[in-house]
Amino acid sequence: MNVFARLDSSAPLSGDERMLLESVRKLAREQIAPRAGHYDRTGEFPEHNIGQINKLGLNALFIPEAYGGAPLSYAAYLACVREISKACASTGVIWATNFHATRPVVDFGTEDQKRRLLPVIARGGLASLVITEPTAGSDATGMRTTFRPEGDAIVVNGTKTFITNGAHADLYLVFGKWSELGEGKAAISALVIEKGAAGLEVVREEDKMGLRASSTAALAFDDCRVARANLLGAPGEGLKILLASLNRSRPSIAAHALGIARAAFEDAVAYVNERRQSGRRIVEFQGIQFMLADMAAELAQCEAWLWYVARLVDSGATDFAVEASILKLRASDLAMRIATDAVQLHGGYGYCKEYRVERLMRDAKITQIWEGTNQIHRQLIGRSFTNR
Ligand SMILES: Cc1cc2nc3c(=O)[nH]c(=O)nc-3n(C[C@H](O)[C@H](O)[C@H](O)COP(=O)(O)OP(=O)(O)OC[C@H]3O[C@@H](n4cnc5c(N)ncnc54)[C@H](O)[C@@H]3O)c2cc1C
């Protein structure tokens, strides 16, 4: 057993959760990983993978039993995100986004909303978390989408950009400003919009560097009328919902990054043990060993922090925003570095599409940008030490 197998066995999972994780690993190894190159080349949405994930009933993991789910711990969820992302980062984020958009309904929804909306996801539906706008990225509170109340309806107008699952979602958790509350942060509100709503248009899908099989869409809302019954919380409670949602999605994005990092590390180790130069396996050169040592040391530390944050969340902690930021920052910088080093260790072959590390390096880059860029996370972490 090597250091990573021991670290995996220290993850805070129950016996049942370990059994499920084994099924996810098998699925990832046998079904998802072999298709990842194809989906990357073609940019096709990975319907096959999503179908297989649903056959295993994985969406049920984050839905309470009363609404058709079979909930497991947050640690188990993170472990599954990491395994799926290790096999195919596009598929990993498609599945993880279902959690990001659905969890706020579990936490803040009314009984009626949970009863109507959660079974859609438990049965295998897709969801989108809809925050970013063309002129409001890092400063999400600068959003301009408006929610105008009109009797029993809310009329939505605005544009959103870079929305994961955007062209395929059954449910959209959309953030906008309540027209009667002005244009400040206090007006931010949250609304669930269902697939096919009149006035909701998928304007385009982005042609991206990496995660090529995950849909990243621009959406337009043009007098889109939604039943007021789909408003999550009260008008103006959106920022609270948004921040709570990001606190749980950031560790998940870190688990996604660590899946990419693990894949790159394992490919690098396999390659340096095979490749021979100057009559020796290149793993025998000290310069190569030092690179492996740095990769392994940082990966082990970061994974240990992943389980630390998972334990915090599972123990019911509510104040873990800085811990989540530290995890997102470190895991994503590390994924980019390990993927880049893995390409380096493959020499010229690493630059060619025949080897998976080429894709991993492209897939890793986004992890430093989304869910708060790493500049923003450094700011959040640093600011937390300012004396009041
Ligand atoms: C593939 C993909 C999927 C995505 N999925 C989703 C999704 O599902 N839902 C969603 O709502 N959004 C999504 N996003 C949006 C993503 O979260 C934003 O791209 C990100 O928050 C950055 O916003 P921006 O692109 O507008 O960059 P900007 O905010 O314009 O940033 C540009 C640069 O300026 C820096 N910068 C900005 N402000 C500061 C500051 N205060 N201090 C220091 N530096 C700063 C940034 O770090 C960055 O380097 C996705 C994006 C991509 C590319």
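Here are three short exercises on helix packing, the nonpolar core and two loop residues.

The model is predicted: local features need pLDDT of at least 70 and side-chain atom pairs count only at pLDDT 80 or more, while totals for chains, interfaces and linings use all residues. Residues are numbered from 1 along each chain as its sequence is written.

**Exercise 1.** Find how helix 9 and helix 10 are oriented to each other.

*Solution.*
Step 1. Locate the helices. Helices are DSSP runs (H or I, at least four residues), strands likewise (E, at least two), numbered from the N terminus. Helix 10 spans residues 356-365, and helix 9 spans residues 321-345.

Step 2. Take the angle. Axes are lines fitted to C-alpha atoms, for helices over the stretch in contact, and angles run from 0 to 180 degrees between N-to-C directions. The two axes come within 8 Å and cross at roughly 160 degrees.

Step 3. Classify. Angles under 35 degrees count as roughly parallel, over 145 as roughly antiparallel, 65 to 115 as roughly perpendicular and the rest as oblique. Helix 9 and helix 10 are therefore roughly antiparallel.

Step 4. List the contact (C-beta atoms, placed from the backbone, within 7 Å). Helix 9 gives residues including Ala335 and Ala339, and helix 10 gives residues including Val357 and Leu360.

**Exercise 2.** Identify the residues with the most contacts inside the largest nonpolar core, and follow Ala339 outward.

*Solution.*
Step 1. Define the core: buried Ala, Val, Leu, Ile, Met, Phe, Trp, Tyr and Cys residues joined through C-beta atoms within 7 Å. A residue is buried if 20 or more other C-beta atoms lie within 10 Å of its own, exposed if 12 or fewer, and partly exposed in between.

Step 2. Read off the core. It has 118 residues, and Leu191, Ala264, Ala335 and Ala339 have the most contacts inside it. Helix 7 supplies the largest share, 15 residues.

Step 3. Follow Ala339. Leaving aside neighbours within four places in sequence, Ala339 touches Ile260, Ala264, Val357, Leu360, Met361 and Ala364.

**Exercise 3.** Two residues other than glycine have a positive phi: Asn165 and Leu211. Decide whether each is buried or exposed.

*Solution.*
Step 1. Place Asn165. Its phi is about 70 degrees. Asn165 sits in the loop between strand 3 (153-164) and strand 4 (171-178).

Step 2. Count for Asn165. It has 27 other C-beta atoms within 10 Å, so Asn165 is buried.

Step 3. Repeat for Leu211. Its phi is near 45 degrees. Leu211 lies in the loop between strand 6 (200-205) and strand 7 (216-227). It has 31 C-beta neighbours inside 10 Å, so Leu211 is buried.

Note on methods. Contact = placed C-beta atoms within 7 Å.
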